[in-house]
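Here are my notes on the model you sent round. Have the structure open while you go through them.

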Amino acid sequence: MPTPFEQESVARVSSWQSDGAMQGSAFDFLKASAAQQYPYNFFWLGRPIIQYPQDIVATQEIIWQVKPDLIIETGIAHGGSLILSASILAMIDHAEAAMSGAMLNPSQPKRRVLGVDIDIRSHNRSAIEEHPMAAYIEMIQGSSIDADVVAQVHKKAAEFTKVMVFLDSNHTHDHVLAELNAYAQLVPSGSYCIVYDTLIEDMG
């Protein structure tokens with residue numbers, strides 16, 4: 001049951017749908033900031049994340065709410081998004097252990113993040129593998145729509161119950177559609193498949 005504060009938040013956001021001035025100013029900021037590479041200026045636990053801060057906050061809210069066992073991410077870049085997902089999963093594991101009194105071994109987490117990228121550059125791979133969140137992270141190099149890669153992801157996903165998917169690689173229509181066809185079926189009811197950068201078609 002939503003709390004009164006949560007209900008107020010939903011009402012506020014819903015009211016913006018009819019607020020043309022609010023939407024216009026937000027879109028103006030989006031266009032101007034994207035042109036200046038604004039989202040390239042942020043880090044998560046030391047790794048570049050290349051996301052808008054409000055999207056980072058929304059991502060942690062969704063992960064905390066769903067508490068997935070596995071997060072699949074297409075598109076790795078510098079690894080900041082993998083680290084974000086891993087750190088929230090680590091907090092969930094910590095919170096559950098604190099509530100139950102169970103022992104927690106950070107080097108053997110039960111939740112995982114699986115990143116897929118067609119080109120994982122060696123310096124980025126090294127930085128991710130040396131990061132304190134590395135135990136939560138696995139990576140596959142290859143196109144996210146390649147049949148062999150899709151098969152590897154499905155095999156890994158079969159080990160988990162509650163899967164969440166973030167699509168943030170090639171943003172062309174055909175590629176995203178192929179990713180949705182490949183991975184959306186892995187997402188159970190109550191979880192999410194999230195497509196990043198849908199704003200591109202509005203930025204012309």
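1. Let's start with Val153, which sits in helix H6 (residues 147–157). Keep in mind that this is a predicted model. Is Val153 buried or exposed? Its relative accessible area is 0%, and since buried means under 20%, Val153 counts as buried.

2. What surrounds Val153, once its neighbours within four places in sequence are left aside? The contacts are Ile72, Leu114, Val116, Ile140, Tyr183 and Leu186. Gly80 makes a useful distance check: its C-alpha atom is 20 Å from that of Val153, with the two positions 73 residues apart along the chain.

3. Now H6 as a whole. Its buried residues are Val149, Val150, Val153, Lys156 and Ala157. They take up an arc of only 125° around the axis, so they lie on the same side of H6. An α-helix has 3.6 residues a turn, so residues three or four places apart point the same way. On the face turned away from that buried side you'll find the exposed residues Ala147 and Lys155.

4. What does the buried side of H6 pack against? Its buried residues meet four strands, S3 (70–74), S4 (112–117), S5 (137–141) and S6 (163–167), plus helix H7 (173–183). At the N-terminal end, Asp146 acts as the cap of H6, with a side-chain oxygen 3.0 Å from the backbone nitrogen of Asp148.

5. On to helix H2 (residues 20–35). With 16 residues at 1.5 Å a residue, H2 should span 22 Å, and its end C-alpha atoms are 23 Å apart, which agrees. At the start of H2, Asp19 has a side-chain oxygen within 3.3 Å of the backbone nitrogen of Ala21. Just past the helix, Gln37 has a positive phi of about 55°.

6. Have a look at how H3 (residues 53–66) meets H4 (residues 80–100). Their axes come within 10 Å and cross at roughly 40°, and the crossing is right-handed. H3 contributes Ile56, Thr59, Gln60, Ile63 and Trp64 to the contact, while H4 brings Leu84, Ser85, Ile88, Leu89, Met91, Ile92 and Ala95.

7. Two loop residues are worth checking for backbone angles. Leu45, in the loop between strand S1 (43–44) and strand S2 (47–48), has a phi near 50°, a positive value in a residue other than glycine. Ile50, in the loop between S2 and H3, also isn't a glycine, yet has a positive phi of about 50°. With a relative accessible area of 26%, Ile50 is partly exposed.

Terms used. Residues are numbered from 1 along each chain as its sequence is written. This is a predicted model: local features need pLDDT of at least 70, side-chain atom pairs count only at pLDDT 80 or more; totals for chains, interfaces and linings use all residues. Side-chain values use heavy atoms; hydrogens and water are left out. The expected span of a helix is 1.5 Å times one less than its number of residues. A polar contact is a pair of N or O atoms within 3.5 Å; within protein, one must be able to donate a hydrogen and the other to accept it, and residues adjacent in sequence count only if both atoms are side-chain atoms. Buried means under 20% relative accessible area, exposed over 50%, partly exposed in between (1.4 Å probe, protein chains only). Contact means heavy atoms within 4.5 Å. The arc is that of the directions from the helix axis to the C-beta atoms. Axes are lines fitted to C-alpha atoms, for helices over the stretch in contact, and angles run from 0 to 180 degrees between N-to-C directions. A crossing is left-handed if the near helix is turned anticlockwise from the far one by less than a right angle, and right-handed if clockwise.
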